[in-house]
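Me: Hi! I'm new to this one and would love a quick tour. Can you show it to me?

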Amino acid sequence: MKHKLILLAALALLTTPPMRAASGSGLKMITMEQLQDKIAGGWAAQTIGCAFGGPWEFKYLGKMIPDTTDLKFKSTAVKKYMLKWPGLYDDIYMDLTFVDIIDRLGLNAPADSFARAFAYAGYPLWHANQSGRWNVIRGLKSPKTGYWKDNPHADCIDYQIESDYAGLMSPGMPNAASAISDKVGHIMNYGDGWYGGVFVGAMYTQAFLYNNVEKIVTEALRTVPVKSKFYKCIADVVKWYHENPSDWHKTWQLVQQNYSNDIGCPDGVDRAFNIDATVNAAYVVIGLLYGGGDLTKTADISTRCGQDADCNPSTACGVLGCMLGYKNMPETWHESVKDCEDINFAYTTISLSKAYKLSLKHALMQVKKNGGKVEDDKVYIKVQRPKAVRYEKSFDGLKYSKSIALRQCQIDKVPATTFRGKAIVLCGSFNCKDPNYTAEVDVIIDGKVVTTLKNTRNHFTENLDYLYYNYDLKPGTHTISFKWKNPDAKAKYRCNRFIVYE
């Protein structure tokens, strides 16, 4: 215990001072310089964390990277990946898309503006983001674009990895961050997938207040409904940390045993692959709690947890970087960004240096909007007590039953399939060399055409991992088949499997 107190005392000396009470005002004060330092620390550290884990993304599925494996991170990697592997930073350029909208349209920018900005951007997307993008393009509006009955990836990690901006612009104001996340996060996520973004945004807001990572985690968790799976998982991670304070591997095993079964993502159901927000948020928190306030150790542990091993250290290090402040990052971390802070991230006109300034600008706007004030070089913030957002549950009432393999066949070669359940997903993809061709396929359930699929050229806006889903069947036995009404030799379907739910 004495050793722990000494460590915490040392850590406090190495962080940018948190806010302090402003006498008689009910507000808390932070200097402009300190506020900018924490914001810069958050942006820089999340970028470095992403590069740290980049080479290990989804290389370890349902297992840890051994402690004996050298992760081989070099300070030159951040710039190298910016120039040669720009898609690695999807969690950064997605953030910056929303930062740009706020800068151009203000704090009250409508959800449609955020939705259209990322839906028609030039960058590739995956999972909930990609499904949300396709929903926007085909005319759906938020929150329907992220709702689980319209988005099989509703519980995936997507908004969790791109909600940093909401927290960095809301110092000490978790409920203000949640309001932004309500508007933006539901474009691509719902339920536990949305809670991941709410929680991460709230952690950043608390990193302006506290120099204690456990306090940051537990206060931020207050923004998540207690009866959600997401809340229970993170609360368990904190509990298991206290039971096993020197062995993160044990806590990882408990997460694996209790929370690793994904029910929604077509790529992850009944497989080791897991891009679920809940499990990956657990890895973020494991890194923060066991990292002891050390950025490199935090990145190392979050990466070794596996699965989304670039996004998780990015999130963990971003929160810790905000707590520590930019000036107190290790020198090796400064070296990682010092010669690339003015390079715009791919698909954007925003660099790290510009992101620091924009988030400070937006933070001052948030402070004033939420009852605070700015006087010269001092910022007075009306700190908010974290409040839980509304309860949502994706895939409510569904239980995974079985998978039926289809051997990569064309959709008209999928045999009539009889199954017992109340929901079904056809996993697969479509591609065609003719940009003017639209395939039309009738979906026939129990002898009736229930819808007609219309698939066009498979470019980046339509790169989905499912072809059809129906979560609204009556419980019982059903038969599904498909009729391709206008087959074309240039078109290629890859039908992989059915996922059946009870």
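**A helix pair and a sheet**

Reply: Happy to! This is a predicted model. A good place to begin is a contact between two helices: Pro174, Ala177, Ser178, Ser181, Asp182 and Gly185 of H9 touch Trp194, Gly197, Val198, Gly201, Ala202, Thr205 and Gln206 of H10.

Me: What classes of residue make up the contact of H9 with H10?

Reply: It has five nonpolar residues, seven polar ones and one charged one.

Me: And at what angle do the axes of H9 and H10 cross?

Reply: Roughly 150°. The axes of H9 (residues 174-185) and H10 (residues 192-207) come within 9 Å. Angles over 145 degrees count as roughly antiparallel, so H9 is roughly antiparallel to H10.

Me: Is that crossing left-handed or right-handed?

Reply: H9 passes H10 in a right-handed crossing.

Me: Okay, new topic: strands. In what order do they sit in the sheet?

Reply: The open sheet has four strands, ordered S1-S2-S4-S3, with antiparallel pairing.

Me: Which ones are the edge strands?

Reply: Those are S1 (20-21) and S3 (373-375), each of which pairs on one side only.

Me: How many bridges join S1 to S2?

Reply: Two, and S2 covers residues 28-31. As an example, Ala21 has Lys28 in S2 as its bridge partner.

Me: Nice. Which strands does helix H2 touch?

Reply: H2 (residues 32-53) packs on the sheet and touches S2, S3 and S4 (378-381). Its direction makes about 80° with that of S2.

Me: And where does H18 lie?

Reply: H18 (residues 352-369) lies across S3 and S4, and runs at about 45° to S4.

Technical notes
Residues numbered from 1 in each chain as written. Predicted model: local features only at pLDDT ≥ 70, side-chain atom pairs only at ≥ 80, totals over all residues. Heavy atoms only, no water. Pairing = 2+ DSSP bridges. Contact = heavy atoms within 4.5 Å. Axes fitted to C-alpha atoms, helices over the stretch in contact; angles between N-to-C directions. Parallel < 35°, antiparallel > 145°, perpendicular 65-115°, else oblique. Left-handed = near helix turned anticlockwise from the far one by under 90°. Nonpolar A, V, L, I, M, F, W, Y, C, P; charged D, E, K, R; others polar.
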